[in-house]
Amino acid sequence: MTSPPAADAPPGRLVARTVEVVAPDSMPASLLDLLPSDEPMAWLRRGEGMVAWGVAARCRTSGPDRFADAADWWQQVSSSAFVRDEVRTPGTGLICFASFGFADDPGDSVLVVPRVIVGTRRGRSWVTIIGQDELAPMPQLDTQPMPPAPRNVTFADGAMSGAAWESVVADAVRRIGSGELEKVVLARDLVATADVEIDVRWPLRELAEGYQMCWTFHVDRLFGATPELLVRRERGLVTSRVLAGTIRRTGDDERDAGLAGQLARSSKDLEEHEYAVRSVADSLAPYCSSTNVPEVPFVLHLPNVMHLATDVTGVVHDSDGASVLELAAALHPSAAVGGTPTKVAVELIAEIEGMDRGRYAGPVGWIDADGDGEFGIALRSAQIEAHQVRLFAGCGIVADSDPEAELAEAQAKFLPVRDALTD
């Protein structure tokens, strides 16, 4: 059953004011240096993007209608807001950060309009303040004290052991072999425990520095560094980066080059990738007047793994076409995080995976008042609760998947967050 949206937005319309930082050299080396501990949010890649803090408005949704309820709430908030934007570039004006549950049940999701946003893009920097007072002063952009490192972190299996998860993978392979489905993505979790409460700003810094080609994010206690852009909408142009097919790096450049070639020729990985690309292209087609799907994937090199990757692009039907939030809803769950056929795969996940994914593998990102924005898939991610962190990793399972190899792949995908908690 769908729960009605729970909003704690203040009464009356919001006022958003964006001004350019006239002396960008005065900005710190990293936007994360500006983040205080009060409701921090982040969306960063290669040193650009946004950090934000405070809450001007918030909405929680759940259930199968969570995306529609979120879109309705954002439409009400953005249509009534007064926006004064002196910069007018993606990420300025009225902005909402959002993170959605993977499954329909319970599907707990959240949208947050920050009070302060600081961003940078292509050499330009800006500050946005949002509230109910048009005359509110701009904040001082002061470098914050370094957050404390997590202390004495230990790790333990989450919902099931590695051996038990291998048995689940073997069950999935049998079902695929019997013709029930073509692919299913199975995930597992790991629980990290520290002596004291963990400041999320510490792992955010580590991830942003170590995984600059990924989108480092934090929304309402869910953080990570995802390599997968679910969808970007910018002035009518739509982009989605599909990742499926993975091989672990060794750290030896020559050997890794050979492994990249092996990945590019792997029939198992190419099959998995084809399912994921087809899923995205089919989902975007009703919303776009044209789409472009490259015939051959490229190999994306990350510090811990390499992926087969394809960038699918399209053009929305008109300037008033589907918003990035509607596109994210249409794309989720793609074959990259669910499987093929999607409905059968998601039902199998609920049956055998043995855990609630929460917002892991759901859309996470931001939307502006014009419907533009970016949503990644919340991969290489974790949910933080005081002194505990729940890490997630998943693997695409197809007919010739080997359970032991899939467990090793999942272990490699834990590394970004695991290392960020222990450096």
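**Quick notes on the model**

1. Starting with the fold inventory: the protein chain comes with eight helices and 24 strands. Bear in mind throughout that this is a predicted model.

2. On overall dimensions, the radius of gyration of the protein chain is 21 Å. A compact globule of 423 residues would come out near 22 Å, so the two agree. If you're setting up a box, the C-alpha atoms fill roughly 65 × 50 × 45 Å along the principal axes.

3. Next, burial and contacts. Of the 423 residues in the protein chain, 57% are buried. Counting contacts with a separation of 6 or more, 74% of them are between residues 24 or more positions apart.

4. The surface and the charges: about 17,200 Å² of the protein chain is exposed, and 48% of that is supplied by carbon and sulfur atoms. The chain carries 62 negative side chains and 38 positive ones. The centres of these two sets lie 2 Å apart.

5. Have a look at helix H6, which runs over residues 324-331. Its buried residues are Val324, Leu325, Leu327, Ala328 and Leu331. Viewed down the axis of H6, they fall within an arc of 160°, so they line one face of the helix.

6. Just past that helix there's a backbone detail to check: the peptide bond joining His332 and Pro333 is cis, with omega about -10°. Pro333 is in the loop between H6 and strand E20 (339-340).

7. Another cis peptide bond runs from Asp105 to Pro106, with omega near 0°. Here the proline is in the loop that links strand E7 (95-99) and strand E8 (109-113). I'd keep both omegas in view when reading the backbone: near 0° for Asp105 to Pro106, and about -10° for His332 and Pro333.

8. Now for positive phi outside glycine. Arg380 has phi near 45°, and its place is the loop between strand E22 (373-377) and strand E23 (381-385). Is Arg380 buried or exposed? Its relative accessible area is 7%, under the 20% cut-off, so Arg380 counts as buried.

9. Ala386 also has a positive phi, near 55°, and again the residue is not glycine. Ala386 sits in the loop between E23 and strand E24 (388-397). With a relative accessible area of 41%, which falls between the 20% and 50% cut-offs, Ala386 is partly exposed. So E23 has Arg380 in the loop before it and Ala386 in the loop after it, one buried and the other partly exposed.

How values were computed
Residues numbered from 1 in each chain as written. Predicted model: local features only at pLDDT ≥ 70, side-chain atom pairs only at ≥ 80, totals over all residues. Heavy atoms only, no water. Helix = DSSP H or I, 4+ residues; strand = E, 2+ residues; numbered from the N terminus. Rg over C-alpha atoms; globule rule 2.2 N^0.38 Å. Buried < 20%, exposed > 50% of the residue type's maximum accessible area, 1.4 Å probe, protein only. Contact = heavy atoms within 4.5 Å. Areas by Shrake-Rupley, 256 points an atom, 1.4 Å probe, with all protein chains shown as cover. Lys, Arg positive; Asp, Glu negative; His and termini not counted. Charge placed at Lys NZ, Arg CZ, Asp CG, Glu CD. Arc of directions from axis to C-beta.
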